[in-house]
Amino acid sequence: MIYRFMDGLGRYFLFLGEVFHKPEHWKEYSKSFFREIELLGLSSVALVSFISVFMGAVLTIQTAINLENPFLPDSYIAIAVREGIVLEFAPTIVSLILAGKVGSNIASTLGNMRVTEQMDALRVMGINPASYLVLPKLLACLLFNPILIIFSMALGLVGGYYAGDFLNLVNTEVFLSGYFMDFNPFYIVYSLTKTFVFAFIIATVSAFFGYNVEGGAVEVGKASTKSVVAMSFSIILFNYILTNLLLQ
Amino acid sequence: MIQVRGLEKSFGAQHVLRGIDVDFYVGQCNLIIGLSGSGKTVFLKSILGLHTLDEGHISFDGRILGDMGKKEIKALRQEMGMVFQGSALFNSLTIEENVRLPLDFFSDMTLEEKDQRVKFCLERVRIDPEAFQKTPAELSGGMQKRVAIARAIVLNPKYLFCDEPNSGLDPETAIVIDLLIHEITHEFGMTTVINTHDMNSVLEIGDHVILLEKGKKAWEGTMEEVLQSEDTAVVDYVFRSNLFKKVRAALHKA
């Protein structure tokens, strides 16, 4: 098992070497990049919005119920909700969801291209398929995921505020003031650093599994599932490593 | 002209190609025939450089593939066109964009010249202009094959490779595709190599026929020689069906 893991890791780094091979036709790559922004980024906005609003709402309800104490002002609930969303829920949970949506899309698209010989067609033309197909996806994820995460943070805070107001759990004025109390701007840097790393994992791990599919449609499905498992493991592991490195 | 000498290729313990020597001639449709598992596809992909060779060499008009640097291989690839078994068109691109892609990457043409070239190639393979903006999924199998041929010839290649170009097509469309490849080969003076199972193709366009058996060249000749051959490998492969047995008997009688 260790041998298989190390073999896979070695092949992953070789694959990255191919992906980062210098593109010779930036114009073609840029066309592809804008297609990927639409396909991988813009198409995820609705899902991220829905999840973020309800994530913020649930966080406010749970925190308000658990911190129900006359000596604790509602601003403390707001601080807990804010830190929860900014530090963990937006970057990590949304990235895990994007791993499922965007990652499986990348793995199945590339897997399908592999089994239908589209990658061989590119190679015969003299085009490096790893670079041409993966680099625009990677750049789209690196650029757009942070935007999605910032958007998710904002909507999570909005969802948290309205849930507290709608269910009459908090004094809204005090709660709102809590959102702006004692905020450490480094938390945004920490959160975006995690997002960058997770975006890199989502794009490259899923692409690696899709790119190396052998067989037919069944194997494409298996590769997509395997990629989601590998991405989830990697995101959780790097979440721990980055938190240790950046917050201690 | 493509020359293949002593080609050997194994995958692990499986010895797929066992020392193949063959020449593919300019302006001819060179057909590789053989049973499933005889090594046809591996042979074709080895010629294309998609598989590394264990032994032997392949030369393209005197240029040996194994001796070339990356730049030379890249230049050689622009002299090659390939029609894949499943067409291998890019689903996210329109028909026009599929054919234009090699031009966008490798030609210095102006936009207008590219438009003209794409239009010429698509019209040459008889694709209706109304279909230019469609995606591959919206076309029939036969039309997809024709688009794949247009994409393969758009850079005006010296070498055209086709892997079972008429598999999965009805007999009428299969003949149309065969004749189209034959016409294009003669019209543009290309060296065309075709993998096929289809005996109709052999008898229709087989200027030069090579029979592979268990990774070795078992026989080679022209389509006329196929019908008259007494070689057991050819007789066993070509005249296996009752129809072809009757054809052969009738020819002998005649």
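1. Domain division of chain B. In this predicted model, chain B is split into domain 1, comprising residues 1-79 and 157-227, and domain 2, comprising residues 93-156. The centres of these two domains of chain B, taken over C-alpha atoms, are separated by 24 Å. Their contact draws 13 residues from domain 1 of chain B and 11 residues from domain 2 of chain B. On the domain 1 side, helix α6 (residues 171-188) of chain B gives the most, with seven residues. That side of domain 1 of chain B consists, by class, of 10 nonpolar and three polar residues, with no charged residues.

2. The six-stranded sheet of chain B. Six strands of chain B make up an open sheet in the order β6-β7-β8-β3-β9-β10, and the pairing is mixed. Its edge strands are β6 (80-83) and β10 (216-221) of chain B, each of which pairs on one side only. From one strand to the next, the twist averages 20°. Helix α1 (residues 40-47) of chain B packs on this sheet and touches β3, β7 (159-163), β8 and β9 of chain B. The direction of α1 makes about 150° with that of β8(B).

3. Strand β3 of chain B and its partners. Within that sheet, β3(B) pairs with strand β8 (residues 191-195) of chain B in the parallel sense, over four bridges. In this pairing, B:Ile32 stands opposite B:Asn195 of β8(B). With strand β9 (residues 208-213) of chain B, β3(B) also pairs in the parallel sense, over five bridges. Two bridge partners can be named on the β9(B) side: B:His208 for B:Asn30, and B:Ile210 for B:Ile32. B:Ile32 thus has a counterpart in β8(B) and another in β9(B).

4. Burial of strand β3 of chain B. Strand β3 (residues 29-34) of chain B is mostly covered, six of its six residues being buried. In a regular strand, side chains alternate between the two faces of the sheet. In β3(B), B:Cys29, B:Leu31 and B:Ile33 point one way, while B:Asn30, B:Ile32 and B:Gly34 point the other way. Residues pointing in either direction are buried. The reader may wish to view this strand together with helix α1 of chain B, which touches β3 among other strands of the sheet.

5. The four-stranded sheet of chain B. A further open sheet, of four strands, has the order β2-β1-β4-β5 in chain B, with antiparallel pairing. Here the edge strands are β2 (14-24) and β5 (63-64) of chain B, and each pairs on one side only. Strand β1 (residues 2-11) of chain B is joined to β2(B) in the antiparallel sense over eight bridges. One of the residue pairs can be located directly: B:Val4 has B:Val22 of β2(B) as its bridge partner. The pairing in this sheet is antiparallel, whereas that in the six-stranded sheet is mixed.

6. Overall architecture of chain A. Chain A has nine helices and zero strands. From the N terminus on, every element in the run of chain A is accordingly written as α. The C-alpha trace of chain A spans about 70 × 40 × 35 Å along its principal axes. Of its 248 residues, 42% count as buried. Among contacts in chain A between residues at least 6 apart in sequence, 87% join residues at least 24 apart.

7. Packing of α3 against α4 in chain A. The axes of helix α3 (residues 45-66) and helix α4 (residues 74-115) of chain A come within 10 Å and cross at roughly 145°. The crossing of α3(A) past α4(A) is right-handed. On the α3(A) side the contact residues include A:Leu47, A:Val48, A:Ile51, A:Met55 and A:Leu59, and on the α4(A) side they include A:Ile77, A:Val81, A:Ile85, A:Phe89 and A:Lys101. By class, this contact has 15 nonpolar, five polar and one charged residues. A:Gly56 of α3(A) and A:Gly84 of α4(A) are also among the contact residues.

8. The contact of chain A with chain B. This contact takes 13 residues from chain A and 16 residues from chain B. In chain A, α2 (26-41) and α5 (118-125) each supply at least two residues of the side that touches chain B. The largest share of that side, six residues, comes from α5(A). By class, the side of chain A that touches chain B has four nonpolar, four polar and five charged residues. For the side of domain 1 of chain B that touches domain 2 of chain B, by contrast, there are no charged residues.

How values were computed:
Residues are numbered from 1 along each chain as its sequence is written. Chains are lettered from A and ligands numbered from 1 in the order in which they are written. This is a predicted model: local features need pLDDT of at least 70, side-chain atom pairs count only at pLDDT 80 or more; totals for chains, interfaces and linings use all residues. Axes are lines fitted to C-alpha atoms, for helices over the stretch in contact, and angles run from 0 to 180 degrees between N-to-C directions. A crossing is left-handed if the near helix is turned anticlockwise from the far one by less than a right angle, and right-handed if clockwise. Two residues are in contact if their C-beta atoms, placed from the backbone, lie within 7 Å. Ala, Val, Leu, Ile, Met, Phe, Trp, Tyr, Cys and Pro count as nonpolar, Asp, Glu, Lys and Arg as charged, and the others, Gly among them, as polar. Two strands pair if DSSP finds at least two bridges between them. Domain bounds come from an automatic or database domain assignment. A residue is buried if 20 or more other C-beta atoms lie within 10 Å of its own, exposed if 12 or fewer, and partly exposed in between; C-beta atoms are placed from the backbone.
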